[in-house]
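Visitor: I'd like a close look at one part of this model, the place where the helices pack against each other. Please take me through it residue by residue, and tell me what each term means as you go.

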Amino acid sequence: LRGDLGYSRIHKLPVATILGLRLENTLRLTVAAFALALLLSLPIGIGSALRAGRSFDRAARVGCMLGLSMPVHWLGMMAVLFFAVELGWLPVSGIEDPRAPGAGSRLAHLVLPVCVLAFFHASRWTRHVRSAVLEALHQDHVRTARAKGLSAQAVLLKHVLRNASIPLATVFSQSIPGL
């Protein structure tokens with residue numbers, strides 16, 4: 001109740017200090033994964049809804065099912081095995097290379113965890129985006145806007161995405177603690 005988290009005998013520091021040291025890296029990972037998942041899920045979900053039943057839609061839904069079916073820890077291990085161990089493109093672990101510290105090293109160490117987390121969340125969010133856009137596309141006011149002669153882009157931006165954004169904001173915000 002006082003906010004005192006105690007003292008770590010192992011690290012010989014207050015627990016709040018230890019958590020504070022780790023918070024910066026956690027925020028970097030979380031913000032980057034959230035942004036990448038958002039950048040992936042919005043265009044794929046919207047495109048999938050606009051092309052419902054076609055090959056793009058089927059491919060997007062299969063990709064989403066794969067992303068949701070694979071446990072995140074397993075996908076992370078497979079990504080490390082392939083991209084870090086087999087190909088040697090990315091570092092296996094850590095925050096940065098102690099031999100070459102700097103922003104480039106930190107960025108290289110973020111690539112795998114960010115991509116794995118973003119793939120999982122984008123898979124879930126894409127399904128929600130597709131569903132919300134499909135629901136908005138079939139509403140009466142959208143048909144009326146089309147009948148009035150508005151362009152497809154204007155209908156999408158002014159009517160469909162505006163109505164679809166309300167449930168999507170809820171889904172995105174509820175995912176933040178999970179990241």
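Guide: Start with Asp-57: setting aside neighbours within four places in sequence, Asp-57 is in contact with Ser-48, Arg-51, Ala-52 and Arg-130, where contact means heavy atoms within 4.5 Å. Before going on, keep in mind that this is a predicted model, in which local features need pLDDT of at least 70 and side-chain atom pairs count only at pLDDT 80 or more, while totals for chains, interfaces and linings use all residues. Residues are numbered from 1 along each chain as its sequence is written, and side-chain values use heavy atoms, with hydrogens and water left out.

Back to Asp-57, which has its place in helix H2; helices (H or I, at least four residues) are DSSP runs, numbered from the N terminus. Asp-57 counts as buried because its relative accessibility is 0%; buried means under 20% relative accessible area, exposed over 50%, and partly exposed in between (1.4 Å probe, protein chains only). Its side chain also reaches the backbone nitrogen of Gly-53, at 2.8 Å.

Now widen the view to the helix pair. H2 covers residues 55-69 and H4 covers residues 103-137; their axes come within 8 Å and cross at roughly 135°. The axes are lines fitted to C-alpha atoms, for helices over the stretch in contact, with angles from 0 to 180 degrees between N-to-C directions. H2 and H4 are therefore oblique to each other; under 35 degrees would be roughly parallel, over 145 roughly antiparallel, 65 to 115 roughly perpendicular, and the rest is oblique. On the H2 side, the contact is made by Asp-57, Arg-61, Gly-63, Cys-64, Met-65, Gly-67 and Leu-68. H4 brings Phe-119, Phe-120, Ser-123, Arg-124, Thr-126, Arg-127 and Arg-130. Sort the residues of this contact by type and you get five nonpolar, four polar and five charged. For that split, Ala, Val, Leu, Ile, Met, Phe, Trp, Tyr, Cys and Pro are nonpolar, Asp, Glu, Lys and Arg are charged, and the others, Gly among them, are polar.

H4 has another partner to look at, helix H6 (residues 152-175): the two pack at an angle of about 155°, with their axes 8 Å apart. That makes H4 roughly antiparallel to H6. From H4, the residues in this contact are His-121, Arg-124, Trp-125, His-128, Val-129, Ala-132, Val-133, Ala-136 and Leu-137. Facing them in H6 are Val-160, Leu-161, Asn-163, Ala-164, Pro-167, Leu-168, Val-171, Phe-172 and Ser-175. Here the tally comes out as 13 nonpolar, four polar and one charged.

Three of the names on the H6 side deserve a zoom. Ser-175 lies in H6 and counts as buried, because its relative accessibility is 2%. Not counting residues up to four places away in sequence, Ser-175 touches His-121, Arg-124 and Trp-125. With Trp-125 there's a polar contact, side chain to side chain, at 2.9 Å. Polar contact here means a pair of N or O atoms within 3.5 Å; within protein, one must be able to donate a hydrogen and the other to accept it, and residues adjacent in sequence count only if both atoms are side-chain atoms.

Val-160 lies in H6 as well, and it's buried because its relative accessible area is 0%. Leaving aside neighbours within four places in sequence, Val-160 is in contact with Val-133, Ala-136, Leu-137, Val-142 and Val-155. Val-160 and Ala-49 are 111 residues apart in sequence, yet 11 Å apart in space, C-alpha to C-alpha.

Asn-163 has its place in H6 too, but it's partly exposed because its relative accessible area is 30%. It touches Ala-136, Gln-139 and His-141, again not counting residues up to four places away in sequence. Asn-163 and Thr-26 are 137 residues apart in sequence and 33 Å apart in space, C-alpha to C-alpha.

Val-160 and Asn-163 also lead over to helix H5 (residues 140-147), whose axis and that of H6 come within 10 Å and cross at roughly 175°. H5 and H6 are therefore roughly antiparallel to each other. His-141, Val-142, Ala-145 and Arg-146 of H5 make the contact with Val-155, His-159, Val-160 and Asn-163 of H6. By type, the residues of the contact of H5 with H6 are four nonpolar, three polar and one charged.
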